[in-house]
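Biologist: I am new to this structure and would like to learn how to read it, feature by feature. Could you take me through it slowly?

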Amino acid sequence: LKVNGFDIAGKSVYCDETGGDYYDFIIIDDAEQKIGVAIGDVSGHGIPSALLMATVRSSLRQRASLPGSTAKIISDVNRQLVKDVEDSGQFMTMFFLALDTATKQLEWVRAGHDPAMLYDPGSDSFNELSGSGIALGVDAEWIYEDNKKTDFSNGQIIFLSTDGIWEARNKKGEMLGKEPILNAIRQNASSEAPQIIDAIFDTLDKFIGGVKIEDDITSVVIKMQN
């Protein structure tokens with residue numbers, strides 16, 4: 001996806017035929033000025049997780065088309081989800097961000113998900129986009145909070161992922177961890193978003209060496225391009 005100064009790509013790999021990981025790109029307003037990017041991870045695997053993921057996806061798309069901050073959108077989606085999951089014990093972590101292509105402002109909400117990573121090739125540094133918030137589907141009354149950042153510059157990269165990628169293990173039972181992934185981003189920072197995603201998954205494949213993954217893996221790369 002290329003839109004008004006942002007180059008965005010995502011990829012999911014499932015450990016079963018169906019999965020509870022997902023990512024989505026959502027146009028939030030008619031002028032295509034605001035782009036929503038969501039990544040989520042439903043507890044468990046298989047059909048029940050996939051169904052819950054699909055429910056959240058449609059609920060989020062519907063709610064994002066209406067006015068309100070990112071925090072308000074996620075708070076409303078969560079309230080609806082709590083009704084759907086009731087006593088099943090299922091929940092979903094999510095990282096949802098909205099990019100304003102005109103002002104280059106970023107708003108995000110973290111709902112129990114791993115923080116996004118922001119790479120700045122200028123200073124060769126990684127920073128976490130963190131924030132507080134519990135997983136969706138747990139507490140209907142939870143009020144999520146908005147986090148904002150405005151000082152984006154050309155070439156900076158945002159990386160979102162589910163934890164399946166750093167927790168992937170090789171034949172010896174060793175975990176991949178975050179460092180090799182961050183190095184792949186660093187070494188391919190001048191490439192387009194789809195190539196950066198490919199480099200990340202190549203790093204994963206080389207490390208696990210044919211071992212079957214035990215968790216769904218989803219990643220999204222957003223690159224600022226003026």
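Biologist: How far apart are the mean positions of the positive and negative charges of the protein chain?

Modeller: Bear in mind throughout that this is a predicted model. One takes the mean position of each kind of charge and compares the two; here the 21 positive and the 35 negative charges of the protein chain have mean positions 3 Å apart.

Biologist: Which helices and strands should I look for, and how many are there in the protein chain?

Modeller: The protein chain holds four helices together with 11 strands. Its radius of gyration is 17 Å, close to the 17 Å that the globule rule gives for 226 residues, so the chain is as compact as a globular protein of that length. Taken along the principal axes, the box that its C-alpha atoms fill is roughly 40 × 40 × 25 Å.

Biologist: What share of the 226 residues is buried, and how much accessible surface does the protein chain have?

Modeller: Counting a residue as buried when its relative accessible area is under 20%, one finds that buried residues are 50% of the 226 in the chain. The accessible surface comes to about 10100 Å², and carbon and sulfur atoms account for 49% of that area.

Biologist: Among contacts between residues at least 6 apart in sequence, what percentage join residues at least 24 apart?

Modeller: Of those contacts in the protein chain, 70% join residues at least 24 apart.

Biologist: Let us turn to one strand and its partners. Is strand 6 mostly buried or exposed?

Modeller: Strand 6 is mostly covered, since five of its seven residues are buried. On pairing, strand 6 runs antiparallel to strand 5, to which six bridges join it, and Phe95 has Arg110 of strand 6 as its bridge partner. Strand 6 also runs antiparallel to strand 9, residues 147-149, with three bridges between them, and there Glu107 is paired with Lys148.

Biologist: What lies between strand 5 and strand 6?

Modeller: The two strands form a hairpin with four residues between them. Most residues other than glycine have a negative phi. Lys104, which is not a glycine, nevertheless has a positive phi of about 60°, and it lies in the loop between strand 5 (92-100) and strand 6 (105-111).

Biologist: Where does Asp124 lie, and what is its phi?

Modeller: Asp124 lies in the loop between strand 7 (116-120) and strand 8 (125-129). Although Asp124 is not a glycine, its phi is positive, at about 50°, and this residue is partly exposed, with a relative accessible area of 40%.

How values were computed: Residues are numbered from 1 along each chain as its sequence is written. This is a predicted model: local features need pLDDT of at least 70, side-chain atom pairs count only at pLDDT 80 or more; totals for chains, interfaces and linings use all residues. Side-chain values use heavy atoms; hydrogens and water are left out. The radius of gyration is taken over C-alpha atoms; the globule rule is 2.2 Å times the number of residues to the power 0.38. Buried means under 20% relative accessible area, exposed over 50%, partly exposed in between (1.4 Å probe, protein chains only). Contact means heavy atoms within 4.5 Å. Accessible areas come from the Shrake-Rupley method with a 1.4 Å probe; for residues, only the protein chains shown count as cover. Lys and Arg count as positive and Asp and Glu as negative; His and the chain ends are not counted. The place of a charge is taken as NZ of Lys, CZ of Arg, CG of Asp or CD of Glu. Two strands pair if DSSP finds at least two bridges between them.
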